[in-house]
Structures are given as structure tokens and as C-alpha cells.
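Colleague: Hey, got a minute? Could you walk me through this one?
Modeller: Sure, let me put it on the screen.

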Amino acid sequence: MPPGGAAAVGAGSLRRVIVGTRPAPTGDDSRLPTGRAGALPLRVAAPMAVAAGLALLAAFPPYGLWPLAPVGVALLAAATHRRRVRAGAGLGFLTGVALFAPLLSWTNLHTGYLPWVLLSLLQAGYLALLGAAGAYVSPLVDRVRWSWPAVTGVLWVGQEALRDRTPFGGFPWGRLAFSQDDSPLLRLAAWGGAPLVTFAVALTGGLLVAALWRPWGGRRRWWAPVAGLTAGAVAVPVVGLLVPVSGVGGGDAVTVAIVQGNVPRLGLDFNAQRQAVLNNHVDATIELAGQVAAGVRARPDLVVWPENSSDIDPLRDTDAGARISQAADAVGAPILVGAVLRGPGDGQVRNAGILWRPGSGPDLAQLYTKRHPVPFAEYVPMRDLARMVSKQVDRVRADFVPGSEPGVLDTGTLVLGDVICFEVAYDEVVRDTVTGGAQLLVVQTNNATFDVAEARQQLAMVRLRAVEHGRAALMASTVGVSGFVAPDGRVSDATGFNTRAVVVRQLRLDDGRTVATRVGLWPEVALAGLAVVALVGAAVLRRRLRAG
């Protein structure tokens with residue numbers, strides 16, 4: 001089924017929730033035990049769980065049908081309600097596979113099917129936990145039906161908090177918040193970051209399912225709670241529109257250039273084209289310098305090259321260093337170079353962003369080493385065991401060593417916050433640059449081993465970070481998509497995929513801090529803590545129901 005078809009499936013499934021299964025014959029839903037009484041028939045619940053995953057998938061780029069995210073949440077909540085915990089886990093797993101297998105399909109383009117399958121199944125396992133939790137809290141939300149939306153919201157935040165950190169540092173791809181780059185809910189990031197946006201999406205889905213789950217029995221005015229909850233689902237995005245975000249930074253104006261040099265061939269062998277990739281970025285920068293000299297373009301205060309723009313260590317290879325110096329001297333501005341540096345130990349390398357100044361070369365005091373290398377892509381945990389699963393792990397010949405300091409780099413004209421590739425998905429990695437003084441957010445990335453869907457999913461994360469911290473931001477990619485993002489999330493000068501491009505734009509810097517920057521981790525802690533409270537409350541109620 002194509003992702004766009006999830007809307008029709010979702011609407012039809014929700015209608016079946018209203019008109020399908022009748023209430024349990026006891027007449028008292030709040031006294032239902034934890035088994036199957038009153039649950040939707042499995043022949044309905046299983047397709048509903050799959051439709052939930054497809055609806056969630058369609059909310060993400062490149063489809064971008066963001067209103068389907070709450071629909072997916074509602075479908076999963078309805079499918080797991082009043083089921084046994086194991087059945088809830090199975091239904092959640094179906095949702096997870098339907099979401100993550102296609103969402104992460106770009107991981108199999110050049111590495112084969114096994115890594116993609118394993119990663120998709122691992123991520124689906126977290127939605128299995130969510131499905132189990134949704135089934136477990138059924139007595140609680142039956143007892144207090146008005147609590148269903150909030151409980152749904154905090155369970156989603158708790159699931160994401162766990163998935164974002166485990167195992168091996170977690171994998172935050174596919175968070176509900178990252179599906180809302182064109183939604184009014186994106187503005188909520190300025191108050192509570194990605195966790196608050198996720199909560200709002202899941203809360204909206206919870207309002208839908210609470211309104212539509214079977215008639216409100218025993219009420220002459222049954223339509224009143226249905227109307228109230230439905231109005232609440234509409235009101236949540238409206239609240240998002242009321243959140244103030246700045247359209248431009250309030251500080252000094254600077255001119256920044258992004259150089260997207262492109263690669264000779266997409267795929268894993270971009271590494272074998274190291275000299276060609278470096279030459280592409282040098283030549284494009286020298287062309288920019290010619291345009292500046294001719295008065296066609298403004299001279300930039302900073303030039304940003306992407307991750308892997310120099311996979312030849314320019315600190316050790318004099319020819320590579322000389323070529324970068326040639327580009328910096330020609331354009332007359334510092335270049336933030338994405339480089340692979342050898343060391344510090346034998347068989348170790350670093351994924352780094354280093355400031356290369358005209359006239360003086362590399363500024364070793366302004367060097368950022370990626371803090372969150374990607375497991376099984378940039379380093380291999382438990383290599384001997386991993387090799388038994390797939391010999392593909394030996395493609396990673398040298399383990400990338402993580403850095404320890406945030407990517408706060410001072411060019412002399414501005415202070416930038418550098419994060420590299422997938423690090424943009426991790427809340428604390430980006431936040432640390434802003435609290436460290438960054439006035440501009442920079443994401444250096446290499447999408448040459450993926451596709452345009454992955455690049456657009458990543459750009460959606462950059463948009464959220466810009467709103468979250470009230471900073472202008474940019475993404476610089478080897479092959480695209482590159483572009484600038486305003487503090488209100490609007491994208492400018494986005495490049496095409498697998499093309500060579502140079503884009504120049506004047507940006508406004510900002511030194512202020514949003515509410516989200518100030519409160520940091522606390523919204524996630526509070527919401528995840530409430531998820532624990534809901535599970536404990538459900539445990540107490542289940543014990544009383546068994547005893548009574």
C-alpha cells in the first residue's frame with residue numbers, strides 16, 4: 001500500500017471503531033479487566049496497526065502529510081486498547097515495521113538488506129514496547145477516559161526518550177517531532193524542544209481516539225464529550241500557531257556561503273574518490289572567489305564545506321592542505337572544512353570540522369570532533385560478534401574516536417555551533433553548542449551513501465533545531481540537500497540532490513535563548529516521568545480489579 005493511501009485506511013478504521021464492536025455486555029467499561037473483553041477484533045486491530053505505521057510514514061518527508069501523524073497515533077492506541085500486553089506488543093511491532101522499514105530504506109542502498117532489516121526490526125521493537133504499554137494502561141484510561149489523550153502523549157515521549165539513548169547511544173530517527181516540519185506544531189519546539197512537539201502530536205492523536213472510541217454510554221448528551229475532544233484535537237495545532245518565534249535573528253548581519261561540491265559517483269566508494277571530492281569543493285570555492293572579484297556575489301564572512309569534503313587528512317597531507325589554503329586565500333574568508341583526521345591512536349580516525357583561515361591555514365584551536373559517531377557505520381561495537389552477523393562490518397576499517405567538547409567555533413566574525421550529520425537528531429548535542437555561545441547553527445553532512453529522502457528527513461530536523469533555539473541554521477551536504485533555515489523554520493536556497501551548487505545568503509546572528517534552550521532536558525524528564533506515573537497507576541488499578 002502506498003503511504004498516501006494511509007489516510008483513507010486510517011479514516012475508515014477510525015469509523016469502524018465508532019460503529020463496529022459494541023461495548024462489553026457488563027455495561028461498566030471502567031471495571032473491565034486487562035484481557036480481551038471489549039477490545040477490537042484482531043481481524044480489525046491488526047490491519048489498523050499496519051495502517052497506523054503507514055499513516056506515520058506518510059507524515060515524514062519526502063511525503064510530508066503531517067496531519068497523518070496524529071491519525072497514526074490514534075489508530076495504534078485504538079488497536080492496542082483493552083488487549084493483553086503481549087498482543088499489544090505484537091500490534092505495536094506491526095506498526096513499527098510498517099513505519100521504519102520504508103522510512104529507513106535508504107540504509108540498504110549500498111550495504112545490502114541485512115543492516116536495513118536489523119535496524120528496522122530494532123526500531124520496531126520500541127513501538128512494540130509502546131503497544132504493550134498502551135494495552136497495560138487500558139484499565140486506567142477506561143476508568144478516567146479524559147486521561148487517555150495525556151497518557152497517550154506521555155507514553156510516546158517515554159518511548160522516544162528510551163529509543164533515543166539505547167542501545168549504543170540510541171537512534172532518534174523517526175521521532176514524531178521530526179514529521180512536523182511544515183506543521184503549526186513545529187513552533188512548540190521553541191518552548192520545549194522535540195519532546196514537547198512529540199507530546200503535542202501524540203496528545204492530538206489521543207484526543208481523536210478518546211472521542212471516537214465507541215459511544216459514550218449512559219449519557220443522553222453523548223455528543224458533548226465527542227465534540228469537546230474533537231475540538232481539542234483541532235485546538236492543539238492552533239495553540240502552536242500562537243507560539244511566538246522570530247522570523248530573523250536580531251543581531252549582526254553576516255554573509256555565509258555553502259559549497260556543495262558533489263561527488264563523481266554516489267555510493268560507498270565515494271571514499272575511493274577522495275581527491276576528486278576535495279578538488280570539487282576547492283574548484284567550486286575558487287569559482288565563487290571569481291564571482292566575488294567580479295562583483296557578482298558578495299564576499300562571504302564564512303564558507304561552509306560539508307562532512308567528508310576532505311577525506312584526505314589535510315593536517316598530514318601537505319598537498320591536500322595546500323589545496324584548501326588555495327581556496328581560502330582565493331575567497332578571502334575562513335572555510336569550515338569537513339575532514340577525516342587520522343589519530344590520535346593507531347587505527348583510529350576522527351570526523352571533524354576544522355576552521356581553515358586565509359593566509360594562515362588550519363586553526364587548531366577551532367576544531368570540532370564529532371561527539372556521537374554512528375555505531376556500525378563509523379565504529380563497530382563488539383566487532384568480533386558483529387562479524388558473525390555480517391562481514392559488512394569490516395568495511396569500517398578504522399574506528400572513529402568521539403570528541404568530548406561541543407562544536408563551538410569562533411571565526412572572529414561570528415560564533416558557530418557545528419554538528420556533524422546524524423548528530424542533528426540528538427537534542428543535547430545541538431543544545432550544547434547554543435549554551436556554549438553559538439550564534440549560528442551549522443550541520444555538516446554527507447548524503448552520498450543515501451538518497452534524497454534521507455536528506456529531506458535530515459533537513460526537517462534542522463528546521464526544528466532552528467525554531468527550538470531561535471537561531472539561523474544551515475545544512476551543507478556533499479551532494480544535497482543543502483540550504484539555509486531561518487529561526488522560524490523557513491527554508492531558503494535549498495539545492496537539488498546529486499548536483500554541484502554554491503549558495504550565498506546574508507543571515508542575522510542571535511545571542512538570545514528561547515524557553516526551550518533555557519529549560520533544556522526538563523520537559524522530556526517531566527513528560528517521561530509522567531509516563532512512569534501512568535504505568536504505576538495502571539499497575540495499582542489492575543491489582544485492585546483482580547482483587548475486587
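Colleague: Okay, how many helices and strands does the protein have?
Modeller: The secondary structure comes to 16 helices and 13 strands. Keep in mind that this is a predicted model.

Colleague: Got it. What share of the residues counts as buried?
Modeller: The protein has 548 residues, and 58% of them count as buried. About 21100 Å² is exposed, with 59% of that supplied by carbon and sulfur atoms.

Colleague: And the contacts between residues at least 6 apart in sequence, what percentage join residues at least 24 apart?
Modeller: That's 72% of those contacts.

Colleague: New topic, holes. How many cavities of 30 Å³ or more turn up in the whole structure?
Modeller: The search finds five. The largest has a volume of about 130 Å³.

Colleague: How do you even look for those?
Modeller: You roll a probe the size of a water molecule over the atoms, and that shows where empty space is left.

Colleague: Nice. Which residues lie nearest the centre of the largest cavity?
Modeller: Ala77, Thr80, Gly134, Thr152 and Leu155, out of 16 lining residues. The elements giving two or more residues to that lining are helices H3 (68-80), H5 (113-136), H6 (138-143) and H7 (148-163). H7 has the largest share, with five residues.

Colleague: How does that lining divide into nonpolar, polar and charged?
Modeller: Ten nonpolar, six polar and no charged residues.

Colleague: And what lines the second largest cavity?
Modeller: Asp164, Arg165, Pro172, Arg175, Ala425, Tyr426, Asp427 and Glu428. That lining has five charged residues, three nonpolar and no polar. The space inside is about 60 Å³.

Colleague: Let's zoom in on single residues. Where is alanine 49?
Modeller: Alanine 49 is in helix H2, residues 42-59. Leaving out residues up to four places away in sequence, alanine 49 touches Ala79, Leu91, Leu94 and Thr95.

Colleague: Is alanine 49 buried or exposed, and why?
Modeller: Alanine 49 counts as buried because its relative accessibility is 0%.

Colleague: You mentioned alanine 77 at the big cavity. How far apart in space are alanine 49 and alanine 77?
Modeller: C-alpha to C-alpha, alanine 49 and alanine 77 are 8.8 Å apart, with their positions 28 residues apart in sequence numbering.

Colleague: Okay, what about serine 477, which strand is that in?
Modeller: Serine 477 lies in strand E10, residues 473-477. Serine 477 has 0% relative accessibility, so it counts as buried.

Colleague: What does the side chain of serine 477 pair up with?
Modeller: There's a polar contact of 2.7 Å with the side chain of asparagine 447. A polar atom of the serine 477 side chain also lies 3.3 Å from the backbone nitrogen of valine 479. Among the residues serine 477 touches are Val259, Gln260 and Pro306.

Colleague: Val259, okay. Which residues does threonine 285 touch?
Modeller: Not counting residues up to four places away in sequence, threonine 285 touches Val259, Trp305, Ala327, Val331 and Ile335. Threonine 285 is in helix H10, residues 274-293, and is buried because its relative accessible area is 0%.

Colleague: Any polar contacts there? What are the distances from the side chain of threonine 285?
Modeller: The side chain of tryptophan 305 makes a polar contact with that of threonine 285 at 2.9 Å. The backbone oxygen of histidine 281 lies 2.7 Å from a polar atom of the threonine 285 side chain.

Colleague: Give me something on the outside. Is arginine 518 buried or exposed?
Modeller: Arginine 518 counts as exposed, because its relative accessibility is 60%. Arginine 518 is found in helix H15, residues 515-519.

Colleague: Last one: what about the backbone?
Modeller: Most peptide bonds are trans, and most residues other than glycine have a negative phi. Here, a cis bond joins glycine 343 and proline 344, with omega about 15°. Proline 344 lies in the loop between strands E3 (335-342) and E4 (348-357). The bond from glycine 480 to valine 481 is cis too, with omega near 5°.

Colleague: And which way does phi go at asparagine 262, positive or negative?
Modeller: Positive, near 70°. Asparagine 262 is in the loop between strand E1 (253-260) and H10. Asparagine 308 also has a positive phi, about 65°.

Methods: Residues are numbered from 1 along each chain as its sequence is written. This is a predicted model: local features need pLDDT of at least 70, side-chain atom pairs count only at pLDDT 80 or more; totals for chains, interfaces and linings use all residues. Side-chain values use heavy atoms; hydrogens and water are left out. Helices (H or I, at least four residues) and strands (E, at least two) are DSSP runs, numbered from the N terminus. Buried means under 20% relative accessible area, exposed over 50%, partly exposed in between (1.4 Å probe, protein chains only). Contact means heavy atoms within 4.5 Å. Accessible areas come from the Shrake-Rupley method with a 1.4 Å probe; for residues, only the protein chains shown count as cover. On a 1 Å grid over the protein atoms alone, a cavity is a set of points where a 1.4 Å probe fits but cannot get out, and a pocket is an open set with protein on both sides within 12 Å along at least five of seven lines; lining residues have an atom within 4 Å of a point. Grid points are joined across faces, edges and corners, and a volume is the space filled by probe spheres set on the points. Ala, Val, Leu, Ile, Met, Phe, Trp, Tyr, Cys and Pro count as nonpolar, Asp, Glu, Lys and Arg as charged, and the others, Gly among them, as polar. A polar contact is a pair of N or O atoms within 3.5 Å; within protein, one must be able to donate a hydrogen and the other to accept it, and residues adjacent in sequence count only if both atoms are side-chain atoms.
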